[in-house]
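Visitor: I am new to this structure and should be grateful for a close look at a single part of it. Please describe a place where two helices from separate chains meet, and then set that place in its wider setting.

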Amino acid sequence: MSSTTKTMTEDKPKNIGYWFKQTFIRVGVLPFFLAIALIVFTILSNKFFTGQNLMNVARQSVYLVLVSMGQMMALIAGGFDLSVGTSIALSSVFSAIVMVFCAALFPDAIWFAILLGVLAGFSVAIILGIINGIGVSYFEVSPFIMTLGVSSVGAGFALFMTGGIPVSGLPYAFGDTFGFGRWFGIPAPVIIAIICIIFMWTLMTKTAFGAKLYAVGGNIKAAHLSAINTKKTLMLAYVICAAIAALTGLLLTARVESGEANLGGTIALESIAACVIAGVSLRGGIGRVENVVLGGFFIVLVQNGMNLAQISSYMQMVLLGMLLILAVIFDQIRYRLIMSGQ
Amino acid sequence: MSEAIVTTKNITKLYPGTVALDNVDFDLHSGEVHILFGENGAGKSTLISMLAGSNSPSSGTLTIDGKLVNFSSVADAQAHGVYTVFQEFSLIPTMNVAQNLFLGREPKNGIFINYKLMKSKSQAILHDLGFDIDPTKTVSSLSRAEQQMVEIAKALMGDVKVLILDEPTASLTDREVDHLFDFILDLKKKGVGIIYISHRMQEFDRIGDRITILRDGAKIGTVNVKDTNEEQLVEMMTGRNITGIYPEIKTDFGEEILNVSNLNAIGVNNVSFSIKAGEVLGIAGLVGSGKSRLCRIIMGLGTAFSGEISFKGKSISNLSTREIMKTGIYYLSPDRKTEGLDLARSPIANLEINLVMDNIAKGKKFLNWKDIKAKAHDISDHIELNDDYRKKLVSQLSGGNQQKVLFGKCFAQDADLIIFDEPTVGVDMGTRSALYQMIKQLAEDGKAIIIISSDLPEVMNLSHRLLVMNKGRLAITLDKSEISEDIILKHFFEESN
């Protein structure tokens, strides 16, 4: 009797439901969502599944992919960063102001002005990241409150600096190179994103920092008892997140050719959605760069598909929010499956 | 004997890939204490989860009072008079004791909760049980043992026909255990049937009537407590004759490596001791004796008021945990789940992080991941972790295998002193003997070892020297030849002046 029951259960893994479940546990919900999206939008619009359109999506998704990789750091650390949008806005406004000012000061050294502007943009975002990091790691403020507060502070600051008016008059070379430029025939933002993806992948999988971050997010007490400097690790996660947001802010500034305080409005939500769909756990410790890249691409793909299917932008907000909630629910189910040891 | 109140027939529980319970017949009479005994993963928890209503069988039947039942929930089981005290607590930490006891059945004055009555009733219940707990205290401020008592009190509030206790004494002091046993005997007289799960064989004589032994999900047999002995039980439990589970560890000491003098802290009272390389130092004591706290202070996980700790001749009193570890001390937490392991990742990933930290400590700037992976597998071989388990998530492993991974971490990160805090808690006999072999090997490699344990045979047999702690003080230090259970117990309970 006992032997028959055993063979019965051993046969079970071969069926398709088991395979679905194991895939779900391993990589999350993304493969299923991606397949559904491709099928649905291909049916809804014949312009969707074309090389031209998919290339378009790839180019448009650069910004979200970048921010999502930063968001992933905060999520893996066991928190999240609601201030990524503010980092974008602040870096945009600051870099633009510094660039315009320096370009007027040294009209003959445009690239010097651009360099100073870029440094200013990164610096201000990194300061935001440090504030987030100090709050979350040293004072143990909940990441939700900390980054929400910082987000308000930063956004207010950006609006105050500009009075809500875009900062125009950027050097043409900036927009021409980083916004619309092509290197080796590939759009500059795409190349920068690829470099950044390779950098982040290496950081997370090959370096001690990556290993430490996973450990801290997975079980901070265990990490502490493995001699890891947990506070410094947490702090760095938020700093890197802000720095990548700043890079995104600079690329967007180059694209719109002005410094704007309203850049990055919905990107915090979108980047969290991209990460969660890509299998990054909201409880920390789990997440892979390559999947997050695909997650960011997926969100933009859905937006593109909805545009082609002529879904109104208001309705798109509704659908995107629902998508996030759905992804979080699946994350919950996945976590339960993982922890129940199946 | 009286009629059976609970009977299971051919009860079976299947999980994908495993048979957790295989055609188990079990019965419980009223007024009887029926002990379930077996290694971790033998199926005890699965069996009681079905009796408690938190799980349903794949096949087989469950009868209560001669009626076939099919519990849909814990509440359903309670409606049939079956109450369970699980190991995992079901208390709400932010509420007080009385609120927890009356959760969902608060006494009312019209539409308002009658807090006064609730408090006085709670007081009466706790008093009857002999539990000295203030019902207005918040649960989170109670010790684990006290929380356990509240949990038991909560189960005894209803109209109990069958009471299931899952390792109720694991975190109780002996005095509290005495109270609990008196109470159990009382319940027996009232005709309540009690299912009792415990690893502590010394308890069986005191309260047990019959013992059912489970192994690998199957019932091995049911014996009367009167007609059996410990050897027979262990043999039935493990399926083999375990003698020499404790290895002989060579006595080959080096220099003194750690010296603690006049250490004072909350719960630690003027403790001094030292340990040499290659020495195994055991620390025994009751819950709350300060044995664990002492070592957490050495590790920088608690603050000392005064005293001096020096390691390899240098003071480490004021260093952070991280800095202390860098000097060469490794600490294995007693709680592998909350402090020891990253449950959502693989054993290999868990070991890798310590190898990475070891690389950093040795000043290596660039990590050789191939080398780290290979070493993680070497350690997995060494801790006898089955190939199939290495890529699984730690949460999917049994307690014993999780503990092996925790042990693996101290092989990954080089240290000269290793502190094991409750190294075999919740681990079965077979795995224990493997873990003891690892401790032996570490000691014989010249590492100093501290073992803090509530498992007396464990510290008695492994230690070269044994410290006994009582209420924060060092009650006595015993050399190997002097170690005996009588002396240890005497110092456990000795009242200090």
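Guide: The following account begins with a pair of helices and then turns to one of the chains. The model is a predicted one. The pair consists of helix α11 of chain A, covering residues 208–218, and helix α12 of chain B, covering residues 347–361. Their axes lie 10 Å apart, and the two helices pack at an angle of about 135°. Angles over 145 degrees would count as roughly antiparallel and those from 65 to 115 as roughly perpendicular; α11(A) and α12(B) are therefore oblique to each other. The crossing of α11(A) past α12(B) is left-handed. On the side of α11(A), the residues in contact are A:A208, A:A211 and A:A215, and they meet B:E352, B:I353, B:V356 and B:I360 of α12(B). Sorted by class, this contact comprises 6 nonpolar residues and 1 charged residue, with no polar ones.

Chain B, to which α12(B) belongs, contains 18 helices and 22 strands. Its domain assignment gives domain 1 (4–238) and domain 2 (256–493). The centres of these two domains of chain B, taken over C-alpha atoms, are separated by 32 Å. To the contact between them, domain 1 of chain B contributes 10 residues and domain 2 of chain B contributes 11. On the domain 1 side, the touching residues divide into 2 nonpolar, 6 polar and 2 charged.

As for overall dimensions, the C-alpha trace of chain B spans about 70 × 55 × 45 Å along its principal axes. The radius of gyration of chain B is 24 Å, which agrees with the value near 23 Å for a compact globule of 497 residues.

Conventions
Residues are numbered from 1 along each chain as its sequence is written. Chains are lettered from A and ligands numbered from 1 in the order in which they are written. This is a predicted model: local features need pLDDT of at least 70, side-chain atom pairs count only at pLDDT 80 or more; totals for chains, interfaces and linings use all residues. Axes are lines fitted to C-alpha atoms, for helices over the stretch in contact, and angles run from 0 to 180 degrees between N-to-C directions. Helices (H or I, at least four residues) and strands (E, at least two) are DSSP runs, numbered from the N terminus. Angles under 35 degrees count as roughly parallel, over 145 as roughly antiparallel, 65 to 115 as roughly perpendicular and the rest as oblique. A crossing is left-handed if the near helix is turned anticlockwise from the far one by less than a right angle, and right-handed if clockwise. Two residues are in contact if their C-beta atoms, placed from the backbone, lie within 7 Å. Ala, Val, Leu, Ile, Met, Phe, Trp, Tyr, Cys and Pro count as nonpolar, Asp, Glu, Lys and Arg as charged, and the others, Gly among them, as polar. Domain bounds come from an automatic or database domain assignment. The radius of gyration is taken over C-alpha atoms; the globule rule is 2.2 Å times the number of residues to the power 0.38.
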